[in-house]
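Q: I'd like to take a close look at one small part of this protein and then see how that part sits in the rest. Could you walk me through it slowly?
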Amino acid sequence: MSHLLLALHEALAYHDLNQPGYVALLTRGVNPQRCIPLRVLPQALAALDPGADAWLSQASFSTACRRKSRVARVRLLFSDLDTYNVADLRGKTVDELLEHLLMTCNEVDLPAPSRVVWSGRGLQ
């Protein structure tokens, strides 16, 4: 799959192009952040340099402004748990870390994650 198809596939997992609103597209460089209408997201992704570092906001916004007061929708959240930094978790297997994560989510009444990935240094 090309970089464009991968990027669009990921973006469509949490953004609905038929909804009104904007997303923030961040890249390294002269104009590091810009807000674009959801309806033009495929074109904006196609215009990116395939080798560039780029990030897309998880939330969509009611206006072309990435402020918490303008958040319109959040359909998912990413989390990066650097378990290697936690003394009680150091040395645990991936299965033990996952079990600990699920138990903790249950104890604090958070929904269980739909997907967990081992990064080599923690869970995402």
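Leaving aside neighbours within four places in sequence, which residues is Thr 27 in contact with?

A: Happy to! Please keep in mind that this is a predicted model, in which local features need pLDDT of at least 70 and side-chain atom pairs count only at 80 or more, while totals for chains, interfaces and linings use all residues. Residues are numbered from 1 along each chain as its sequence is written, and side-chain values use heavy atoms, with hydrogens and water left out.

Let's begin with your residue. Thr 27 belongs to strand β1, which covers residues 22-27. (Strands are DSSP runs of E with at least two residues, helices are runs of H or I with at least four, and both are numbered from the N terminus.) Once neighbours within four places in sequence are set aside, Thr 27 touches Pro 32, Arg 34, Leu 48, Asp 53, Ala 54 and Trp 55. Contact here means heavy atoms within 4.5 Å.

Is Thr 27 buried or exposed? Thr 27 counts as buried because its relative accessibility is 13%. The cut-offs are under 20% relative accessible area for buried and over 50% for exposed, with partly exposed in between, using a 1.4 Å probe and protein chains only.

Now follow two of those partners. Ala 54 and Trp 55 are contacts of Thr 27, and they fall within β3, residues 54-56. Just beyond β3 comes Ser 57, in the loop that leads on to β4 (59-61). Ser 57 is another buried residue, since its relative accessibility is 10%. With neighbours within four places again left out, the contacts of Ser 57 are Tyr 14, His 15, Val 23 and Ala 24. Two of these, Val 23 and Ala 24, fall within the residues of β1, the strand that also holds Thr 27.

The same stretch borders an open space. Ala 54 and Trp 55 turn up again at the second largest pocket, which is lined by 16 residues; Ala 7, Glu 10, Ala 54, Trp 55 and Leu 56 lie nearest its centre. Two elements, α1 and β3, give two or more residues to that lining. The largest share, 5 residues, comes from α1.

The contacts of Ser 57 lead to a closed space as well. Tyr 14 and His 15, both touched by Ser 57, are part of the lining of the largest cavity, together with Asp 16, Gln 19, Leu 38, Gln 58, Ser 60, Arg 73, Val 74 and Arg 75. How do the two kinds of space differ? On a 1 Å grid over the protein atoms alone, a cavity is a set of points where a 1.4 Å probe fits but cannot get out; a pocket is an open set with protein on both sides within 12 Å along at least five of seven lines, and lining residues have an atom within 4 Å of a point.

Next, the largest pocket. Its lining has 29 residues, and those nearest its centre are Leu 77, Phe 78, Ser 79, Pro 113 and Arg 115. Both α1 (3-14) and α3 (94-107) supply at least two lining residues each, with the largest share, 5 residues, coming from α3.

That brings us to the segment after α3, where you can find Asp 109 and Val 116. Asp 109 is not a glycine, yet it has a positive phi of about 60°. Asp 109 is classed as exposed because its relative accessible area is 70%. Val 116 is partly exposed, with a value of 32%. Beyond neighbours within four places, Val 116 meets Leu 98, Leu 101, Leu 123 and Gln 124; Leu 98 and Leu 101 lie within the span of α3. For a link back to your strand, take Tyr 22, which is 94 residues from Val 116 along the chain: their C-alpha atoms are 28 Å apart.

Finally, step back to the whole chain. It has 3 helices and 5 strands, arranged from the N terminus as α-β-β-α-β-β-β-α. Its C-alpha atoms fill a box of roughly 45 × 30 × 25 Å along the principal axes. Of the 124 residues, 22% are buried, and you have now met two of them, Thr 27 and Ser 57. Among contacts between residues at least 6 apart in sequence, 51% join residues at least 24 apart. The contact between Thr 27 and Trp 55 is one to look for in the picture above.
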